[in-house]
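Work through these exercises with the structure open beside you. Try each task before you read its solution.

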Amino acid sequence: MRYEGTTYRPPPEADSFLLQVTVGCAHNQCTFCHMYRDVSFRRIPMDQIEEDLREARGIYSKMERIFLVNGDAFVLKAETLASIAGKIRFYFPECRTITMYASIKDIRAKTDQELADLRRLGINDLYVGVESGWDDVLAHINKGHTIEEARHQLGRLHRAGINHIANLMLGVAGAGNGMENARLTAEFLNQTAPCLIWVGTLAIFEGTELYAEMEQGVFVSASEMEILEEEKELIRNIELDNVRFYGVHPTNAVRVSGVLPRDKQRMIDAIDNGIEGYGEEALSATFHRESL
Ligand code: SF4
């Protein structure tokens, strides 16, 4: 298998086969993101995809889940995704789920019928970069969608039978805005019902627009204490039934996970224990995060 450019996959997909279908990210404009700045977006030719699948079949005796690489692979046209799913079915008939990163714009670009057809072909559990439930924040980070659009498109996705995993970013609203961001994000989650909530923390990397804003004092990072309080408020305000909450990203100062609402208090207590362990002084600053 060949992989071009740096390859990122969500931590829950550690056991999935990674099949590269695109290089980079078609959007590539989120102001905090440095993941694909070094590559231009392009589609991998179908003959290379097939060659990789053939090679993988010779290596793996069983593969029930496949993650399509890279930054927003759902940008591919429905007919292209259907063709890839057909080839996956040929080489890995046991594969139950084909998943990938998807943006709200990518969902919008597909008809209801196309979404339903893709679900029938095994596409499910799309990872959507929700980041925040606050329009002002989404505009600031140039996410490429509004809350209203996201609500509508995720509704269409669900009606087609496709689940989504909400990727969130604590601290993305900046200093002084964590609690409001938590409440608005929880409200958005309650309305859009992801099957899993995946929570990381904002890391600001040199070379990004957000880094320049921070240097100029336009964007002020939240302290670790504010970020942890934001996470607690988020957990408190989620009212979904039986949803997995994974706050275990390496960027998180305290890592918690559980099923909501069952583990709500346990996770809040674990964050409080983490706060106590670090101490208020250490948490009054923002930790430097080297990598994602
Ligand atoms: S955060 Fe996701 S959508 Fe935004 S530029 Fe990075 S890879 Fe692309």
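**Exercise 1: Two domains**

Task: Find the domains of the chain and describe the side of domain 1 that touches domain 2.

Solution. The domain assignment splits the chain into domain 1 (1–124) and domain 2 (125–287). Keep in mind that this is a predicted model. Next, take the centres over C-alpha atoms: they are 25 Å apart. Now turn to the contact. Domain 1 gives 26 residues to it, and domain 2 gives 27 residues. On the side of domain 1 that touches domain 2, β5 (97–102), α3 (104–108) and α4 (112–120) each supply at least two residues. β5 gives the most to this side, with 5 residues. Last, sort this side of domain 1 by class: 13 residues are nonpolar, 8 polar and 5 charged.

**Exercise 2: The core**

Task: Where does the largest nonpolar core lie with respect to domain 1 and domain 2?

Solution. Start with the core itself. The largest nonpolar core has 81 residues. V21, I66, L68 and A73 have the most contacts inside it. Then ask which domains take part. Domain 1 (1–124) and domain 2 (125–287) both give residues to this core, so it lies between them. Zoom in on A73. Set aside its neighbours within four places in sequence, and A73 is in contact with V21, T22, L68, M100 and Y101. As background, nonpolar side chains tend to be buried together in soluble globular proteins.

**Exercise 3: The ligand shell**

Task: Which residues are around the ligand, and how do they divide by class?

Solution. List them first. The residues around the ligand are C25, H27, N28, Q29, C30, C33, M35, Y36, G71, D72, S103 and G129. Then sort the shell: 5 residues are nonpolar, 6 polar and 1 charged.

**Exercise 4: Unusual backbone**

Task: Are A193 and N242 buried, partly exposed or exposed? Find the cis peptide bond as well.

Solution. Recall the background: most residues other than glycine have a negative phi, and most peptide bonds are trans.

- A193 has a positive phi, near 50 degrees, and is not a glycine. It is found in the loop between α7 (178–192) and β8 (196–201). A193 has 15 other C-beta atoms within 10 Å, so it is partly exposed.
- N242 also is not a glycine, yet its phi is positive, about 60 degrees. Its loop runs between α9 (224–237) and β9 (243–247). N242 has 9 other C-beta atoms within 10 Å, so it is exposed.
- The cis peptide bond joins L260 and P261, with omega about 5 degrees. P261 is found in the loop between β10 (256–260) and α10 (264–278).

Key. Residues numbered from 1 in each chain as written. Predicted model: local features only at pLDDT ≥ 70, side-chain atom pairs only at ≥ 80, totals over all residues. Near = placed C-beta within 6 Å. Nonpolar A, V, L, I, M, F, W, Y, C, P; charged D, E, K, R; others polar. Core = buried A, V, L, I, M, F, W, Y, C linked by C-beta atoms within 7 Å. Buried ≥ 20, exposed ≤ 12 C-beta atoms within 10 Å, placed from the backbone. Domains from an automatic or database assignment. Contact = placed C-beta atoms within 7 Å. Helix = DSSP H or I, 4+ residues; strand = E, 2+ residues; numbered from the N terminus.
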